[in-house]
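Dear colleague,

Please find below the structure that I am handing over to you, together with its sequence. My account of what was found in it follows directly after.

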Amino acid sequence: MSLLDVLMKAGGAAAEIVDLLCRIRERAPETAAEVGKVLDALNHAILPENIVSLAESLPRELANIAQGQLAPRRHPSDIA
Amino acid sequence: MQKKWQTIVAVAIIVGTLLACGIIANCRAEGLANTTSLAAGLTGVWYDGLDAPGPDLEASGHGAMSLSPHLSVVGSLGFGLTESYLRSAVGVRITATDVDNPDFSVGLGIQYRNASIASLGPSEWAPDASVGLRPWPAKLPAVTLIGQGFYGLVSGRAGCSAGIRYRFNL
């Protein structure tokens, strides 16, 4: 399984979160605006063209890591 | 033939160990606070499918090491509260949104999941999609709301989790 396959399957798993967010939006209409923003960002992130672009940028980052050049960031989703 | 594979595996283990040592050394040079995140959380977990176990509530610990703008190594340990079990997951996560936004991100990745009880499924690789949101970055910077969807490649079972995390300052 290639990196692109893994990312595509992960994108498929996002359907579970989409369902959950839609149920939250139905039960708590006051959260509609915030939930809508999250849903938009999620749906954009898992677009095939976005995933392909991500897969293309990773080899360069892996090469940097192998050369000891780290460029860490703080991602809220890392602790999910 | 077998000796050839043993040699290949041995070389791969040595190279992998050296690479891991190099990465850890660079993380330490970079500073733990910059590269590493540790958090505690409370999580609800739901599974799909007719034979799926019921929803669970977990107390969990989470760790992540950010190596590059998009790539992080992640892991977690969960303790079931509604049903007693121990669950673990280790893998990689690739940030699919703005890497410079500390308040919201979506990550796509894969983890190897284990559980101490059979009803939670076999040990398996499971691709996942994760969302993290800091809704109150000024008032409660350590608090993150999360959601995750996953799909077991062996069991074919999908599930999702949602919860809250408290990130510790390192």
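Read along the sequence, chain A follows the pattern α-α-α. Its secondary structure accordingly comes to three helices and zero strands. Please bear in mind throughout that this is a predicted model.

The overall form of chain A can be described with a few values. Its C-alpha trace spans about 50 × 25 × 20 Å along the principal axes. The radius of gyration of chain A is 16 Å, whereas a compact globule of 80 residues would have one near 12 Å. Of the 80 residues in chain A, 42% are buried. Among contacts in chain A between residues at least 6 apart in sequence, 52% join residues at least 24 apart.

One residue of chain A may serve as a local example. A:Thr31 is located in the loop between helix 1 and helix 2 of chain A. This residue counts as partly exposed because its relative accessibility is 26%, a value that lies between the limits of 20% for buried and 50% for exposed. A polar atom of the A:Thr31 side chain lies 2.6 Å from the backbone oxygen of A:Ala28. Beyond its neighbours within four places in sequence, A:Thr31 is in contact with A:Ile24 and A:Arg25. The C-alpha atom of A:Thr31 is separated by 10.0 Å from that of A:Leu21, and these two residues are ten residues apart along the chain.

Chain B is built in another manner. From the N terminus on, its elements run α-α-β-β-β-β-β-β-β-β, which amounts to two helices and eight strands. Chain B has 170 residues, and 46% of them count as buried. Where contacts in chain B link residues at least 6 apart in sequence, 44% of them join residues at least 24 apart.

Two residues of chain B deserve a closer description, and each has a polar contact with B:Ser60. B:Thr43 has its place in strand 1 of chain B, which covers residues 36-47. With 3% relative accessibility, B:Thr43 counts as buried, because the limit for that class is under 20%. The side chains of B:Thr43 and B:Ser60 are joined by a polar contact of 3.4 Å. Leaving aside neighbours within four places in sequence, the residues in contact with B:Thr43 include B:Asp56, B:Leu57 and B:Glu58, as well as B:Ser161, B:Ala162, B:Gly163 and B:Arg165.

B:His62 is found in strand 2 of chain B, residues 56-66. It too is classed as buried, since its relative accessibility is 5%. Its side chain is joined to that of B:Ser60 by a polar contact of 2.7 Å. Not counting residues up to four places away in sequence, B:His62 touches B:Ser37, B:Leu38, B:Ala39, B:Gly75, B:Ser76 and B:Arg165 within chain B, and A:Ile79 and A:Ala80 in chain A. B:Arg165 is thus among the residues in contact with B:Thr43 and among those that B:His62 touches.

The contacts of B:His62 with chain A lead to the interface itself. How many residues of each chain take part in it? On one side 40 residues of chain A are in contact, and on the other 62 residues of chain B. Between them the two chains bury about 4,200 Å², with 68% of this area on carbon and sulfur atoms. Of the area that chain A buries against chain B, 18% is supplied by A:Arg74, A:Pro76 and A:Ile79, more than by any other three residues. A:Ile79 is also one of the residues that B:His62 touches.

Across this interface the rule finds one salt bridge. It is formed by A:Arg73 and B:Asp100, whose closest N and O atoms are 2.8 Å apart. In addition, the count of residue pairs in polar contact between chain A and chain B is 13. On the side of chain A that touches chain B, helix 1 (3-27), helix 2 (32-45) and helix 3 (48-66) each supply at least two residues. Helix 1 of chain A gives the most, with eleven residues. By class, this side of chain A has 26 nonpolar, seven polar and seven charged residues.

With kind regards

Definitions and conventions
Residues numbered from 1 in each chain as written. Chains lettered and ligands numbered in written order. Predicted model: local features only at pLDDT ≥ 70, side-chain atom pairs only at ≥ 80, totals over all residues. Heavy atoms only, no water. Contact = heavy atoms within 4.5 Å. Buried area = accessible area lost by both parts, 1.4 Å probe. Salt bridge = Lys/Arg side-chain N within 4 Å of Asp/Glu carboxyl O. Polar contact = N/O pair within 3.5 Å; in protein donor to acceptor, adjacent residues only side chain to side chain. Helix = DSSP H or I, 4+ residues; strand = E, 2+ residues; numbered from the N terminus. Nonpolar A, V, L, I, M, F, W, Y, C, P; charged D, E, K, R; others polar. Rg over C-alpha atoms; globule rule 2.2 N^0.38 Å. Buried < 20%, exposed > 50% of the residue type's maximum accessible area, 1.4 Å probe, protein only.
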